[in-house]
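Biologist: Got a minute to walk me through this one? I'd like to start with the aromatics.

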Amino acid sequence: MKIQHRLSFFLAGTMQGSRPGADQVSQAYRALLSDVIRRHCPEADILCPLDKLQGLLASQSEAVRASHAALAGLPVVRRADFDAPLTSLARAFDSLSRAAGTVDVLIAYLPDHEASMGTAIEMWNAFVQGATVVAVTPMRQNLAVLSTSNVIVPSIDELEVLFQDGFLHHITPREPGPSPAAVNAISSRN
């Protein structure tokens with residue numbers, strides 16, 4: 001049975017993890033998570049921070065990449081010394097991390113026992129702001145995951161089972177607070 005009310009979701013998950021530079025894990029999980037959500041909540045508002053980040057920085061993507069790469073050669077990194085592209089990148093991350101606290105459900109994908117500092121920040125923001133946090137990870141004993149999750153499942157397949165069992169029917173859309181669309185509009189001005 002599909003959800004009859006509209007819910008908002010934030011797709012958190014490992015992008016860079018512990019990799020150096022611009023090396024990222026595959027982001028294919030984002031489409032898989034979106035598909036699971038849409039099967040059970042067709043009218044869902046889904047905020048994907050990767051898509052939003054790419055949109056916010058599209059006009060300066062090369063400059064952001066170059067500034068980010070240059071950090072590897074610095075002995076000390078000071079935020080006060082960031083150039084304009086790095087400042088834009090940091091502000092976009094800050095804005096998207098705050099947006100995680102505005103949704104009804106945050107789904108955090110953390111496979112292979114790999115921690116993600118960005119995902120941890122998003123989970124924390126969502127949890128303390130009253131969103132339901134679902135971690136998709138084998139890390140049942142990681143204290144950050146355990147402390148900021150309402151439920152932990154080991155895989156996307158188990159997430160599907162959780163939703164099939166009616167988990168989403170117990171979530172009431174949150175009010176008051178800005179909608180993800182409003183946050184998108186705000187963050188695009190940063």
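**Aromatics, a patch and a loop**

Modeller: Sure, let's start with Tyr109, which counts as buried because its relative accessibility is 18%, and buried means under 20% relative accessible area, exposed over 50%, partly exposed in between (1.4 Å probe, protein chains only). Before we go on, this is a predicted model, where local features need pLDDT of at least 70, side-chain atom pairs count only at pLDDT 80 or more, and totals for chains, interfaces and linings use all residues. Residues are numbered from 1 along each chain as its sequence is written, and side-chain values use heavy atoms, with hydrogens and water left out.

Biologist: Okay, how many aromatic pairs are there?

Modeller: The structure has 2. Rings of Phe, Tyr and Trp (its six-membered ring) pair if their centres lie within 6.5 Å; planes under 30 degrees apart count as stacked, over 60 as edge-to-face and the rest as tilted. Tyr29 and Tyr109 make a stacked pair, with 4.5 Å centre to centre and 25° between the planes.

Biologist: Where do Tyr29 and Tyr109 sit?

Modeller: Tyr29 is in helix H1 (residues 29-40) and Tyr109 in strand E3 (residues 105-109), so the pair links distant parts of the chain, 80 residues apart. Helices (H or I, at least four residues) and strands (E, at least two) are DSSP runs, numbered from the N terminus.

Biologist: And Tyr29, buried or exposed?

Modeller: Tyr29 is buried, with 5% relative accessible area.

Biologist: Which residues form the stacked pair at 6.5 Å?

Modeller: Phe163 and Phe167, stacked at 6.5 Å centre to centre with 5° between the planes. Phe163 is buried at 3% relative accessible area, and Phe167 counts as buried at 19%.

Biologist: Switching topic: which residues form a nonpolar patch on the surface?

Modeller: Trp124, Phe127 and Val128, with about 280 Å² of accessible area together. Val128 belongs to helix H5 (residues 117-128) and is partly exposed, at 41% relative accessible area. Patches are made of residues with over 30% relative accessible area and no salt bridge (a side-chain nitrogen of Lys or Arg within 4 Å of a carboxyl oxygen of Asp or Glu). Like charges are joined within 9 Å, nonpolar side chains (Val, Leu, Ile, Met, Phe, Trp, Tyr) within 5 Å. The areas come from the Shrake-Rupley method with a 1.4 Å probe; for residues, only the protein chains shown count as cover.

Biologist: Last one: where is Asn142?

Modeller: Asn142 is in the loop between strand E4 (132-136) and helix H6 (143-148). Asn142 is partly exposed, at 25% relative accessible area. C-alpha to C-alpha, Asn142 and His113 are 9.0 Å apart in space and 29 residues apart in sequence.
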